[in-house]
Amino acid sequence: LHYLAMMVVMPVYGIQVCPFIEGLNPFEVIANIDGLLLLMFLARRPLHARTVESAPLIDQARRVFVLELVILATAGLVLSAYNLVVHDFPLSSGLKVLVGFAALGFFASADLALERERLIAGKVEREGLILGPAGGFFPLTSKLALFAGAGISLLVGVFSLLVIKDLDWLVEVGSTIPLHEGRLSILKEFGFVLLVALPETINVMRSFSRNLNMFLERENGVLERVTAGHYDAYVPISSNDEFGVMASHTNEMIRRIRERTNELNLTRDATILTLASMAFTASTTSG
């Protein structure tokens, strides 16, 4: 779905922000961008098999994010190089293309990495696997800060490119068009970017909220079972962050409670047997 969305959005984006691409035949623009994205999509499966599927479960979400971002950023670099060599476009045109691919690639990579976290969590729960969080985990707060900072920076970059392009366009056309037509054209371009950016941002926030809700529900569910006296429960560990550490500590706490409870039960049974034996001996002696 992300690749299909990019196949629709990127040709329009290229025409909107780059006057050199705008000067090409629209069918050529669509064929170049969509053909490249299709090739990248076909290359995903073997790359995933080599770099993601073969990795430990605890590390797969991070690898998905890096791999998807590299694939889509590479698509932007390839298209920029193609336009530079074949059409003799300037480097500024290639930068605009690269920023667009990087922006959409960032949102797609974040969403796919969060989806991988949910898949791993389901696998861990179904198969009863026990994963331990690796040392030096990436804090959840840092993830949020990184996503917010990168998302804002990319959007500012795209809007900056639009502003530069529109200023150049206004200087070029001068007074040959009415002011209201120029204003409407600029507003359409900014509206297009917002129409793409807002759903992408909301989608990633929704996906992140689903993961948070899943982790919290698991932690609370296990603690409720332990409070009710069921010490066979454990929290599945499927992420290398604070939730993974919390789950690890919770499981260790449950293990120790279970051991202490078993020791108390054994001590109680031994005490009862000893008292019963003493009572039997005393009654036998008195008899």
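This passage describes helix α3, the second largest pocket and the surroundings of Ser80 in a predicted model. Residues are numbered from 1 along each chain as its sequence is written, and side-chain values use heavy atoms, with hydrogens and water left out. Local features need pLDDT of at least 70 and side-chain atom pairs pLDDT 80 or more, whereas totals for chains, interfaces and linings use all residues.

Helix α3 (helices being DSSP runs of H or I of at least four residues, numbered from the N terminus) has 28 residues, which at 1.5 Å a residue should span 40 Å. The expected span is 1.5 Å times one less than the number of residues. The end C-alpha atoms of α3 are 39 Å apart, which agrees. A kink of about 40 degrees is centred on Leu47, the bend being the angle between axes fitted to the seven residues ending at a residue and the seven starting there. Among the buried residues of α3 (under 20% relative accessible area, 1.4 Å probe, protein chains only) are Val29, Ile33, Leu37 and Arg44.

The second largest pocket has a volume of about 270 Å³. A pocket is an open set of points on a 1 Å grid where a 1.4 Å probe fits, with protein on both sides within 12 Å along at least five of seven lines; lining residues have an atom within 4 Å of a point. The volume is the space filled by probe spheres set on the points. Of its 13 lining residues, Leu1, His2, Tyr3, Phe41 and Leu112 are the closest to the centre. Helices α1 (2-17), α3 (26-53) and α5 (91-127) each give two or more residues to the lining.

Ser80 lies in helix α4 (residues 57-86) and, at 12% relative accessibility, counts as buried. Beyond its neighbours within four places in sequence, Ser80 is in contact (heavy atoms within 4.5 Å) with Gly94, Val97 and Leu98.

How values were computed: Buried < 20%, exposed > 50% of the residue type's maximum accessible area, 1.4 Å probe, protein only.
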